[in-house]
There are 2 protein chains.
Amino acid sequence: MSVASTFVGSSRSSSFNLGAYLDARSRAINRALDRFLPTARTKPGTIHRAMRYSLFAGGKRIRPALCLAAAEACGGQVQAAMALACAVECIHTYSLIHDDLPAMDDDDFRRGKPTNHKVFGEGIAILAGDALLTQAFEIAAQAKGWPRHPHRTIFQELTRAAGSLQLIAGQVADLEGEGKSVSAGQLRYIHERKTSALLCCAVRLGGMSANCTPAQLSALTDFGYHVGLAFQVIDDILDVTQTSEQLGKTAGKDHAAKKATYPAILGLDRSRKIALQLTNKAYSALRPFKGRAVALEALARYLLERDR
Amino acid sequence: MSVASTFVGSSRSSSFNLGAYLDARSRAINRALDRFLPTARTKPGTIHRAMRYSLFAGGKRIRPALCLAAAEACGGQVQAAMALACAVECIHTYSLIHDDLPAMDDDDFRRGKPTNHKVFGEGIAILAGDALLTQAFEIAAQAKGWPRHPHRTIFQELTRAAGSLQLIAGQVADLEGEGKSVSAGQLRYIHERKTSALLCCAVRLGGMSANCTPAQLSALTDFGYHVGLAFQVIDDILDVTQTSEQLGKTAGKDHAAKKATYPAILGLDRSRKIALQLTNKAYSALRPFKGRAVALEALARYLLERDR
């Protein structure tokens, strides 16, 4: 069952063939990641196999797809945004590998496959995460750089989203909140950092790769922030409503770990309404693009209506 | 007892007051790191306390000092090199935190203090390492950038040294070599990556911050490579000859873990000779600087003769 059945989107986005779009984009992203990463045979083979195992474990490529779609919305080229899209996906994958470790969320399955440390052991899994984080910056350095957004700005964007005030702050707050009573405000603090920051960064970087104007960047930030929050609310809902098989990871895990989630604090119905409201806010942020953001619209709708 | 008693250095470096020089540099580096890092009170406090705990645990600041000295050798300013020096120290500290984890070397003490995970727990220690690695790139982005060495080059330099082909490759090979028979050639492969790569990177970045010429960069690379190898050979020797109290970490640990080391493969005397030869090669690499590299010379001598 999908999370929301009403979406105040345009007719454009509902007639947009997102399935075909995402398929094509995923293939292009996978090819680029394959080119950017050392081969599995590159010495030491273990670390490159471990990096590739998680990077090619069937991720939906939401963040890089958003990055490429944002580039298009600003009149840019997909290929110019590709390095930044791949950099974000490497950061996302590193964060999953480390989050799944026994010292963190202790997860055995991810995307229907054993987690990295279950296959390669904890030591290599930690190093594979470290290597993917480093690789992200190496890939980002291969981007062209743009007049309004030179390499320095690109790096500041990535390090801010991935650093101790955003992505890592979210994971810390999540760890420290386990088993404790958490308010809706505190939960939003966690979601903003754990999920929204990197999603928003992906969208902003896409715009930057099109040498976007400050006004465009501001609109993309607004979109990315709200889509990112909606994404995490829906993740929380799916953890309650879907089976492990459907999710490809252990369902009900948040509840079992006494983790703060939207459904736990506000109930399922209210959570669904919030996800819809956030998505509509994201959608509204796209107005300045006047129809050129059709892929971003369709992606926002897909994220709201997804069932895994 | 120091590792070597003969050093073919110049009279300049022996009359150079390295103690006073290192004291002044360490203080300047510590002040800069303190400015670059979020305060311990910045939310979430746990992660910033954990990052600062290891970053200010009494490290000798060898890598940043080498970076600053290389800048001076090329006629540059210490302050222009400071962000890069601090970035390298953050990468070094992150690698120590992760290497000390139970899944890796499982060390309880480092620099005479409990290791990060012993104080903050494994989850936070992993995240503190992640955060310091990310912080390193954030700090590097604050460097000025130079005509011959723009931000893109600086980032490529850092990511190459820290990535899966160098620093992480060394740690993987080290992990995989435990308890196995390792040749002198394989051991050199590990040392080049685990230690020499980042040390060499520090020296090269110092040169870059002085907008150094290709010839200067080549000389610094030669110096950094050999000093880096010598540094690790001496570390191996000290692990055998010094007590835990002298080292501030568990002595004899390499031997107990059946780790490949120079003394284990070649014996102590031969290892001492190799350390001396490597240092002299590093020293020779400095000839093109015609006396302007006196601090680098003195640092090479200090690293050879140190007793901890």
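**Notes on a predicted two-chain model**

1. A good place to start is the rotation axis: among the residues of chain A, His151(A) comes closest to it, with its C-alpha at 3.2 Å. Keep in mind throughout that this is a predicted model. A turn of 180° with a shift of 0.0 Å along the axis lays chain A on chain B, and the RMSD is 0.0 Å. That is how a two-fold axis relates its copies.

2. Next, the contact between the chains. Chain A puts in 39 residues and chain B 40 residues. On the side of chain A that touches chain B, at least two residues each come from α3 (45-55), α7, α8 and α9 (167-177). The largest share belongs to α7(A), which gives 11 residues. By type, this side of chain A has 21 nonpolar, 13 polar and five charged residues. The copies meet through the same surface, because 100% of the interface residues of chain A are interface residues in chain B as well.

3. Now for chain A taken alone. You'll find 16 helices and two strands in it. Its radius of gyration is 18 Å, which agrees with the value near 19 Å for a compact globule of 308 residues. Along the principal axes, its C-alpha atoms fill a box of roughly 50 × 45 × 35 Å. Of its 308 residues, 56% count as buried. As for contacts in chain A with a separation of 6 or more, 75% are between residues 24 or more positions apart.

4. Helix α8 of chain B (residues 151-162) deserves a look. Its 12 residues should span 16 Å at 1.5 Å a residue, and the end C-alpha atoms are indeed 16 Å apart. Is this helix mostly covered or mostly open? Mostly covered: nine of the 12 residues are buried, among them His151(B), Arg152(B), Phe155(B) and Leu158(B). The cover comes from both chains, and includes α7 (122-140) and α8 (151-162) of chain A along with α5 (78-99), α7 (122-140), α9 (167-177) and α10 (184-209) of chain B.

5. Compare helix α15 of chain B (residues 268-285). It has 18 residues and reaches 26 Å from first C-alpha to last, close to the 26 Å expected at 1.5 Å a residue. Its buried residues include Ile274(B), Leu278(B), Ala282(B) and Tyr283(B). Among the elements covering the buried residues of α15(B) are α11 (214-241), α14 (262-266) and α16 (294-305) of chain B.

6. On to the inside. The largest nonpolar core has 212 residues, and those with the most contacts within it are Cys67(A), Ala140(A), Cys67(B) and Ala140(B). Helix α5(B) gives the most to this core, with 14 residues. What does Cys67(B) touch, leaving aside neighbours within four places in sequence? Its contacts are Ala81(B), Leu84(B), Ala85(B), Val88(B), Ala202(B), Val203(B), Leu205(B) and Gly206(B).

7. Asn116(B) sits in helix α6 (residues 116-120) of chain B. It counts as buried because it has 28 C-beta neighbours inside 10 Å, where 20 or more is the cut-off. Not counting residues up to four places away in sequence, Asn116(B) touches Ala50(B), Tyr53(B), Ser54(B), Ile97(B), Asp100(B), Ala125(B) and Ala128(B). Arg152(B) is 36 residues from Asn116(B) along the chain, and their C-alpha atoms are separated by 32 Å.

8. Lys113(A) belongs to strand β2 (residues 113-114) of chain A. With 16 C-beta neighbours inside 10 Å, Lys113(A) counts as partly exposed. Lys113(A) and Tyr53(A) are 60 residues apart in sequence, while their C-alpha atoms are 9.8 Å apart in space.

9. Last, some backbone spots to check. Most residues other than glycine have a negative phi, and most peptide bonds are trans. Yet the bond from Lys43(A) to Pro44(A) is cis, with omega near -5°, and the bond from Lys43(B) to Pro44(B) is cis too, with omega near -5°. Pro44(A) lies in the loop between α2 (18-36) and α3 of chain A. Arg61(A) has a positive phi, near 60°, and is buried, with 22 other C-beta atoms within 10 Å. Lys290(A) also has a positive phi, near 45°, but counts as exposed, with 8 C-beta neighbours inside 10 Å. Look for Lys290(A) in the loop between α15 (268-285) and α16 (294-305) of chain A.

Technical notes
Residues numbered from 1 in each chain as written. Chains lettered and ligands numbered in written order. Predicted model: local features only at pLDDT ≥ 70, side-chain atom pairs only at ≥ 80, totals over all residues. Helix = DSSP H or I, 4+ residues; strand = E, 2+ residues; numbered from the N terminus. Expected span 1.5 Å × (residues − 1). Contact = placed C-beta atoms within 7 Å. Nonpolar A, V, L, I, M, F, W, Y, C, P; charged D, E, K, R; others polar. Least-squares fit on C-alpha atoms with pLDDT ≥ 70 in both. Core = buried A, V, L, I, M, F, W, Y, C linked by C-beta atoms within 7 Å. Rg over C-alpha atoms; globule rule 2.2 N^0.38 Å.
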